[in-house]
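Could you walk me through this model, one selection at a time? Keep the viewer open and follow along.

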Amino acid sequence: MKEQRRNIRVACAEKCVLHHPNWSYLTSVKNISFGGALVHSPTHDLHVGDYCKVTMDGNAIREYSCKIVRVNADNVALTFTDMHILPPVV
């Protein structure tokens, strides 16, 4: 079965924080698109259907609300459900 994508993925090595309801982990984004991201999985305590947030610090701190759509031994695939640009902390 051919995998169908809606958005073009871009390879990425940006650090991020993956926030699950009970914990937060520093990890990295492997690739990203307008619709979601593939993130290195820091734990095995992730399940398809769970909701989480990913925070990335580029030119501005961006926080993405996500739904987990795939989990394997090394990675977790996320689909973005919302995005916020957070104000800088001075």
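**The whole chain**

Of the 90 residues in this chain, 36% count as buried. Bear in mind as you look around that the model is predicted. Colour the chain by secondary structure and you will find seven strands and zero helices. Reading along the sequence gives the pattern β-β-β-β-β-β-β. The radius of gyration is 13 Å, close to the 12 Å that the globule rule gives for 90 residues, so the chain is as compact as a globular protein of that length.

Now turn the C-alpha trace around: along its principal axes the trace spans about 50 × 30 × 20 Å. Switch on the surface, and you are looking at about 6,200 Å² of accessible area, 55% of which belongs to carbon and sulfur atoms. Among contacts with a separation of 6 or more, 40% join residues 24 or more positions apart.

**The nonpolar core**

Next, select Leu 18, Val 29, Val 39, Val 54, Met 56, Cys 66 and Leu 78. These have the most contacts inside the largest nonpolar core, which has 17 residues. Which strands supply at least two residues each to this core? They are strand 2 (15-20), strand 3 (23-32), strand 4 (36-40), strand 5 (51-57), strand 6 (61-71) and strand 7 (75-86).

Stay with Met 56 for a moment and show its neighbours. Leaving aside residues up to four places away in sequence, Met 56 touches Glu 14, Lys 15, Cys 16, Val 29, Ile 32, Ile 61, Arg 62 and Tyr 64.

**The cysteines**

Cys 16 has just come up beside Met 56, which makes this a good time to show the sulfur atoms. How many disulfides does a search of the whole structure find? The search finds zero. For Cys 16, the nearest cysteine sulfur is that of Cys 12, 8.5 Å away. Cys 16 counts as buried because its relative accessibility is 2%, under the 20% cut-off. Move on to Cys 52, which is also in no disulfide; the sulfur of Cys 66 is the nearest one, 4.8 Å away. That separation is not within the 2.5 Å a disulfide needs. Cys 52 is buried as well, at 6% relative accessibility.

**Strand 4 and the loops on either side**

Select Ser 33, in the loop between strand 3 and strand 4. Is this serine buried or exposed? Ser 33 is buried, with a relative accessible area of 17%. Its side chain reaches the backbone nitrogen of Gly 35 at 3.1 Å. Farther away in sequence than four places, Ser 33 touches Asn 7, Ile 8, Arg 9 and Phe 80.

Go on to Leu 38, in strand 4. Leu 38 is buried, at 11% relative accessible area. Beyond four places in sequence, the neighbours that Leu 38 touches are Val 29, Lys 30, Asn 31, Arg 70, Asn 75, Val 76 and Ala 77. Draw a C-alpha to C-alpha distance from Leu 38 to Phe 80: the two are 11 Å apart in space and 42 residues apart in sequence.

Finish at Ser 41, in the loop between strand 4 and strand 5. With a relative accessible area of 7%, Ser 41 is buried. Again setting aside residues up to four places away in sequence, Ser 41 touches Leu 46, Asn 72, Asp 74, Asn 75 and Val 76. You have already seen Asn 75 and Val 76 on the list for Leu 38.

How values were computed. Residues numbered from 1 in each chain as written. Predicted model: local features only at pLDDT ≥ 70, side-chain atom pairs only at ≥ 80, totals over all residues. Heavy atoms only, no water. Buried < 20%, exposed > 50% of the residue type's maximum accessible area, 1.4 Å probe, protein only. Core = buried A, V, L, I, M, F, W, Y, C linked by side-chain atoms within 4.5 Å. Helix = DSSP H or I, 4+ residues; strand = E, 2+ residues; numbered from the N terminus. Contact = heavy atoms within 4.5 Å. Polar contact = N/O pair within 3.5 Å; in protein donor to acceptor, adjacent residues only side chain to side chain. Rg over C-alpha atoms; globule rule 2.2 N^0.38 Å. Areas by Shrake-Rupley, 256 points an atom, 1.4 Å probe, with all protein chains shown as cover.
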